[in-house]
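User: I am new to this structure and would like to understand how its descriptive terms are justified. Please set each value against the definition behind it.

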Amino acid sequence: VSENGTTLTSSLVSTVNTLNISNRAWFHQTMNIDQVVISEPFRSRITNDVLVAVAKKISYQGNVGGIVGSLQIQKITQEALQAANTSWLKTVIISKSGMTLASTDDKEATAKSYHEEAWFPRLLEEKNGSIKFSGGKGETVLVFYNLPGTDFYVLSCADKQHLLAPSRTVMLISSIASMLALLVAFITIYK
């Protein structure tokens, strides 16, 4: 990009000499410091994708500009999110403003915001933890985790019954084992 923010070359050919990014705060930060700048998440005006820009000011033969790469959060996290989601567990990545950055639901990834949810201030305050709340399908547990070095949060939401299923199985097996041990002890003692 040029010093004034005009795109000089791009993989999106239609943006060359027509897209100007000078209204982006991260662009001004890039032009004012001599370090790599990683932006806050933002929506592309061209594709509506959630992006994070990685930018660096460059100088060559007296000309100043910047080199900018954009990471599509939805695309680089898609495989991990699909592996984490089941019929009873839903995982998304959000920003500190509540904007959905990545989800297995493409519509949610471009539209859903969590900033007005009652639990959202607690997420920002605690950074990591869990919150229980009641919904239409019974009690639900929301687990949240702040990704280190970022303002991104991973949210996983599951209904409590599914979360408790493994521990209930362990408890049931333990009970059966205890009963068998008592039965063996009883038989041994009174034989």
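User: What makes the largest pocket a pocket, and what is its volume?

Analyst: The largest pocket has a volume of about 600 Å³, where a volume is the space filled by probe spheres set on grid points that are joined across faces, edges and corners. On a 1 Å grid over the protein atoms alone, a pocket is an open set of points with protein on both sides within 12 Å along at least five of seven lines, whereas a cavity is a set of points where a 1.4 Å probe fits but cannot get out. Lining residues are those with an atom within 4 Å of a point; there are 24 of them here, and the closest to the centre of the largest pocket are Ser-10, Leu-12, Leu-19, Val-68 and Ser-70. This is a predicted model, in which local features need pLDDT of at least 70 and side-chain atom pairs count only at pLDDT 80 or more, while totals for chains, interfaces and linings use all residues. Residues are numbered from 1 along each chain as its sequence is written, and side-chain values use heavy atoms, with hydrogens and water left out.

User: Which element gives the most to that lining, and how do the lining residues divide by type?

Analyst: Strand 4, residues 63-72, gives the most, with six residues; strands (E, at least two residues) and helices (H or I, at least four) are DSSP runs, numbered from the N terminus. The lining divides into eleven nonpolar, eleven polar and two charged residues, given that Ala, Val, Leu, Ile, Met, Phe, Trp, Tyr, Cys and Pro count as nonpolar, Asp, Glu, Lys and Arg as charged, and the others, Gly among them, as polar.

User: How many helices and strands does the protein chain have under that definition?

Analyst: The protein chain has five helices and nine strands, and from the N terminus on they run α-β-β-β-β-α-β-β-α-α-β-β-β-α.

User: Why is Ile-93 called buried or exposed?

Analyst: Buried means under 20% relative accessible area, exposed means over 50%, and partly exposed lies in between, with a 1.4 Å probe and protein chains only. Ile-93, in strand 5 (residues 89-95), has 9% relative accessibility and therefore counts as buried. Across the protein chain, buried residues make up 31% of the 191 residues.

User: What makes Ile-38 part of a surface patch, and which residues join it?

Analyst: A patch is made of residues with over 30% relative accessible area and no salt bridge, with nonpolar side chains (Val, Leu, Ile, Met, Phe, Trp, Tyr) joined within 5 Å and like charges within 9 Å. Ile-38, which lies in strand 1 (residues 37-38), has a relative accessible area of 60% and is therefore exposed. Val-36, Ile-38, Val-54, Leu-71 and Ile-76 form the nonpolar patch, with about 450 Å² of accessible area together, a value from the Shrake-Rupley method with a 1.4 Å probe.

User: How do you know that Asp-34 and Lys-56 form a salt bridge?

Analyst: A salt bridge is a side-chain nitrogen of Lys or Arg within 4 Å of a carboxyl oxygen of Asp or Glu, and the closest N and O atoms of Asp-34 and Lys-56 are 2.8 Å apart. Asp-34 lies in the loop between helix 1 (25-32) and strand 1 while Lys-56 lies in strand 3, so the pair ties together parts that are 22 residues apart in sequence. At 62% relative accessibility Asp-34 counts as exposed, whereas Lys-56, at 25%, counts as partly exposed.

User: How many salt bridges are there, and what qualifies the others?

Analyst: The structure holds three salt bridges. Among them, Lys-96 and Asp-151 meet at 3.6 Å, N to O; Lys-96 lies in the loop between strand 5 and strand 6 (100-102) and Asp-151 in the loop between strand 8 (138-146) and strand 9 (152-159), so this pair ties together parts 55 residues apart in sequence. Arg-122 and Glu-126 also form a salt bridge, with their closest N and O atoms 2.8 Å apart, and both lie in helix 4 (residues 120-126), four residues apart, about one turn of the helix.

User: Why is Gln-61 called exposed, and what is its phi?

Analyst: Gln-61 has a relative accessible area of 68%, so it is exposed. Its place is in the loop between strand 3 and strand 4, and Gln-61 has a positive phi of about 50° although it is not a glycine.
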